[in-house]
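Open your viewer and get ready to click along. We will go from one stop to the next, selecting as we go.

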Amino acid sequence: GQTAFTIEWWMRPRTLTDISNGIGDNTGTLRISNYADGKMAVSIGDNSATSNEGFVIPNEWHHYAVVFSNGVVRFYRDGESMLNASINAYSVPQLSKFSIGTSEARFAGMVDEFRVWIKALSLTQLQDICNAPLTAAQIATAESAGLQLYYQFNQSSGDVEDASSKGNTGVRNGFGPDGDAWSSSGGVFCLNFGESTIV
């Protein structure tokens, strides 16, 4: 029933393949995924909107954001508006789960600073938050503005803590290497192709 949302994150995908790097649940509810040509697809209730080719860039770090409201999906990269696309959907059906890496679209790459909001952030709001982690004071302010989930991926092991007060702990499932999902260079969440989900 959610009528608006923003999902934004930093990502460094590996070589892109069709239907990869899934975020969400499935195409019947909500799923964000990538294609080999660099398109990003957003599926809501069996309807979809797609970015232009080359939107997702393999082997480079970029900030990505998907904003949904009023039957429109907006695609942003690095705080710049890339495309607005109509979608024949005005609310999100109930999800059975929410994950990074889905059974239909396995994740291959690295992700960091992953946030979900229950509102459509403006371009200015995205630009204010996309270049650095949020401080504790900023998180408190952001929660009053609709922040629902914030994974910083700063732990060295164990489940993924939600930096917001919502307590949406992420359970690691089948990613490594050797059970350790974080690199040694600053807490980046790494997932192995074909095996990776965080639910």
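This tour starts at a pocket and then follows the strands around it. Residues are numbered from 1 along each chain as its sequence is written. The model is predicted, so local features need pLDDT of at least 70 and side-chain atom pairs count only at pLDDT 80 or more, while totals for chains, interfaces and linings use all residues, and side-chain values use heavy atoms, with hydrogens and water left out.

**Stop 1: the largest pocket.** Select Leu95, Phe98, Val116, Gln148 and Leu149, the residues nearest its centre among the 20 that line it. The lining holds 14 nonpolar residues, 6 polar ones and no charged ones. Strands S1 (4-13), S9 (99-100), S10 (109-117) and S11 (147-151) each give two or more residues to this lining, and S11 has the largest share, with 3.

**Stop 2: strand S10.** Now colour S10: 8 of its 9 residues are buried (under 20% relative accessible area, 1.4 Å probe, protein chains only), so the strand is largely enclosed by the rest of the structure. S10 runs antiparallel to S1, joined by 7 bridges; look for isoleucine 7, whose bridge partner in S10 is valine 116. S10 is also antiparallel to S11, through 4 bridges, and tryptophan 117 stands opposite leucine 147 there.

**Stop 3: glutamine 148.** Finish in S11, where glutamine 148 sits. Which residues does glutamine 148 touch, not counting those up to four places away in sequence? Select Val116, Trp117, Ile118, Asp162, Ser164, Lys166 and Asn168; contact here means heavy atoms within 4.5 Å. Then add glycine 167, 19 residues from glutamine 148 in sequence and 9.2 Å away in space, C-alpha to C-alpha.

How values were computed:
On a 1 Å grid over the protein atoms alone, a cavity is a set of points where a 1.4 Å probe fits but cannot get out, and a pocket is an open set with protein on both sides within 12 Å along at least five of seven lines; lining residues have an atom within 4 Å of a point. Ala, Val, Leu, Ile, Met, Phe, Trp, Tyr, Cys and Pro count as nonpolar, Asp, Glu, Lys and Arg as charged, and the others, Gly among them, as polar. Buried means under 20% relative accessible area, exposed over 50%, partly exposed in between (1.4 Å probe, protein chains only). Two strands pair if DSSP finds at least two bridges between them.
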